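This report describes one protein chain for a reader who has its sequence and its three-dimensional structure at hand. Please keep both in view while reading.

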Amino acid sequence: SHTTSPKLINAVVAIVNNGVITQQDLNQAIQQFMAQAQAADIDLPSKEVVAQRVLQSLISQKVALDMAKSANLKISQSEINRIPRWRLWRSSSTLS
């Protein structure tokens with residue numbers, strides 16, 4: 001019999017206003033965050049907590065971009081990407 005391997009679907013993990021954050025977006029952001037945190041010698045909590053905090057950061061970024069757009073401010077995604085995620089982490093509310 002012929003078996004097929006399961007295909008990974010790029011699931012939506014959050015809907016923010018009229019946009020979405022996909023699992024691929026989240027995975028890339030987690031990898032970027034982990035690299036920045038290691039470079040800054042930051043001790044990391046569990047992977048689950050890291051994922052929650054990175055997702056919270058992505059949601060905050062999307063909300064900020066939407067607010068800027070509605071106020072006719074020009075903020076590019078590349079400008080937001082230049083902010084180290086671990087800095088966003090420290091300013092975000094604590095998750096347990």
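V12 is placed in strand 1, which covers residues 12-16. The model discussed here is a predicted one. V12 has a relative accessibility of 48% and therefore counts as partly exposed, since values between the 20% limit for buried and the 50% limit for exposed fall into that class. Together with I15 and V20, V12 forms a nonpolar patch on the surface. The accessible area of these three residues together is about 280 Å².

V16 is also found in strand 1. With a relative accessible area of 6%, V16 is buried, because buried means under 20%. Which residues does V16 touch, if those up to four places away in sequence are not counted? They are I21, I59, K62, V63 and D66. One of these partners, K62, is 46 residues away from V16 in sequence, yet the two C-alpha atoms are 6.8 Å apart in space.

**The chain as a whole**

The secondary structure of the protein chain consists of four helices and two strands. Along the sequence, these elements follow the pattern β-β-α-α-α-α. The chain has 96 residues, of which 24% count as buried. About 7100 Å² of the protein chain is exposed, and 54% of this area is supplied by carbon and sulfur atoms. Among the contacts with a separation of 6 or more, 60% are between residues 24 or more positions apart.

**Two helices**

The table sets out the spans of helix 1 and helix 2.

| Helix | Residues | Number of residues | First to last C-alpha | Expected span |
|---|---|---|---|---|
| Helix 1 | 23-39 | 17 residues | 24 Å | close to the 24 Å expected |
| Helix 2 | 47-70 | 24 residues | 34 Å | close to the 34 Å expected |

Both expected values rest on a rise of 1.5 Å a residue.

In helix 1, the buried residues are L26, A29, I30, F33 and A37. They cover an arc of only 105 degrees around the axis, which means that they lie on the same side of helix 1. A general feature of this kind of element is helpful here: an α-helix has 3.6 residues a turn, so residues three or four places apart point the same way. Which exposed residues are carried by the face of helix 1 turned away from its buried side? They are Q31, Q38 and A39.

I30, which lies in helix 1, may be considered in detail. Its relative accessible area is 18%, so I30 is buried, the limit being under 20%. Apart from neighbours within four places in sequence, I30 is in contact with V50, A51 and V54. The C-alpha atoms of I30 and Q52 are separated by 9.7 Å, and these two residues are 22 residues apart along the chain.

In helix 2, the buried residues are V49, V50, R53, V54, L55, S57, L58, Q61, L65 and A68. Two of them, V50 and V54, also appear among the contacts of I30.

**Positive phi angles**

Most residues other than glycine have a negative phi. Against this background, which phi does N17 take, although it is not a glycine? The phi of N17 is positive, about 50 degrees. N17 is located in the loop between strand 1 and strand 2, the latter covering 19-22. With a relative accessible area of 53%, N17 is exposed, because exposed means over 50%.

D41 is a further residue other than glycine with a positive phi, in this case near 55 degrees. D41 comes just after helix 1 and lies in the loop between helix 1 and helix 2. Is D41 buried or exposed? At 67% relative accessibility, D41 counts as exposed. Finally, helix 2 is followed by N72, whose phi is positive and near 60 degrees.

Terms used. Residues numbered from 1 in each chain as written. Predicted model: local features only at pLDDT ≥ 70, side-chain atom pairs only at ≥ 80, totals over all residues. Heavy atoms only, no water. Expected span 1.5 Å × (residues − 1). Buried < 20%, exposed > 50% of the residue type's maximum accessible area, 1.4 Å probe, protein only. Arc of directions from axis to C-beta. Contact = heavy atoms within 4.5 Å. Areas by Shrake-Rupley, 256 points an atom, 1.4 Å probe, with all protein chains shown as cover. Patch = residues over 30% accessible without salt bridge, like charges linked within 9 Å, V, L, I, M, F, W, Y side chains within 5 Å. Salt bridge = Lys/Arg side-chain N within 4 Å of Asp/Glu carboxyl O.
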